[in-house]
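User: I'm new to reading protein models and would like to work through one with you. Can we take it a question at a time?
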Amino acid sequence: MKRLDHYWQKIHPVTLLLLPLAGIFCLVSWLRRLGYRLGLLPTGRLPVPVIVVGNITVGGTGKTPLVVWLVDYLKQQGFKPGVVSRGYGGKAKQWPQSVDDASDPSLVGDEPVLIATRSACPVYVAANRPEAAKALLAQHDCDIIISDDGLQHYALARDIEIVVVDGQRGLGNGLCLPAGPLRERSWRLAQADLVLSN
C-alpha cells in the first residue's frame, strides 16, 4: 500500500476523495490565522526582532541548513542570535528545554541538536514558541531570534518571514492536507518577506 504523500504531486482519484477534508483543513488554517491577525488569539511580541524560517508544505525543504547559515551570517554582521524550535519528536517531561551539542535528541528533537551543534548559538525548544524565546532571552544576551519551522506558529510575533520551497516538488498538486502537501494555501507565499527555492 502506498503512502498518502505518493499522491500529492498531481490530482489523483485518491486526492479527489480527500477534497472535503482538505477544504475543512484550509478553512480552519485560514480562520486560525485570521484570529491571530484580528487579535482574537494572543500573540507574544519579544523585545528583540524575530525572523521566522518556515514553509507552507509538509516535509523537508532545507529550512535547517538555512537557519544555520542565517545564524552564521547574522554573527558576521555583529548580531548575537538565538534559535527557538518546536523540538519535534522530543520526549522531555518539561518545556522549554535548552539545547546544546550534548543534548539527547530523543528528549529535544534531532534538528535542534543539529542546529545547536553547527551554529554554536543558544537554542531553546518548546511547543509554545513565545515561552521558548522568553526562556532563551532570560538566560542569554541575544539581540535577535530565529524561529525554526515557525511559519504557522502565529503566537510568536515576527518581523521577517522567510519561506523555503522545495525546488523539485514545488507545491505538489496545490491542495491542502490531507489531499495535498499544503499547510496553507499558495497565496500565503505572497505575504512572506522572502521566498527561497531550494
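User: Is R188 buried or exposed?

Analyst: Keep in mind that this is a predicted model. The relative accessible area of R188 comes out at 0%. Buried means under 20%, so R188 counts as buried.

User: OK, and which side chain makes a polar contact with the side chain of R188?

Analyst: Start with where R188 sits: in the loop between β6 (160-165) and β7 (194-197). Leaving out residues up to four places away in sequence, R188 touches R33, I56, L151, Y154, R158 and E161. The side-chain polar contact, at 2.6 Å, is with E161.

User: Now the sheet. Which are the edge strands?

Analyst: The open sheet has 7 strands with mixed pairing, in the order β3-β4-β2-β5-β1-β6-β7. An edge strand here pairs on one side only, and that picks out β3 (97-99) and β7.

User: What is the bridge partner of V84 in β4?

Analyst: Look at how β2 (residues 81-85) meets β4 (residues 123-125): the two run parallel, joined by 3 bridges. Over in β4, the partner of V84 is Y124.

User: Which strands does helix α6 touch?

Analyst: Helix α6 covers residues 129-139 and packs on the sheet. Its direction makes about 150° with that of β2. The strands α6 touches are β2, β4 and β5.

User: And at what angle to β4 does helix α5 run?

Analyst: Helix α5 (residues 110-119) lies across β2, β3, β4 and β5 (144-148). Relative to β4, α5 runs at about 170°.

Note on methods. Residues numbered from 1 in each chain as written. Predicted model: local features only at pLDDT ≥ 70, side-chain atom pairs only at ≥ 80, totals over all residues. Heavy atoms only, no water. Helix = DSSP H or I, 4+ residues; strand = E, 2+ residues; numbered from the N terminus. Buried < 20%, exposed > 50% of the residue type's maximum accessible area, 1.4 Å probe, protein only. Polar contact = N/O pair within 3.5 Å; in protein donor to acceptor, adjacent residues only side chain to side chain. Contact = heavy atoms within 4.5 Å. Pairing = 2+ DSSP bridges. Axes fitted to C-alpha atoms, helices over the stretch in contact; angles between N-to-C directions.
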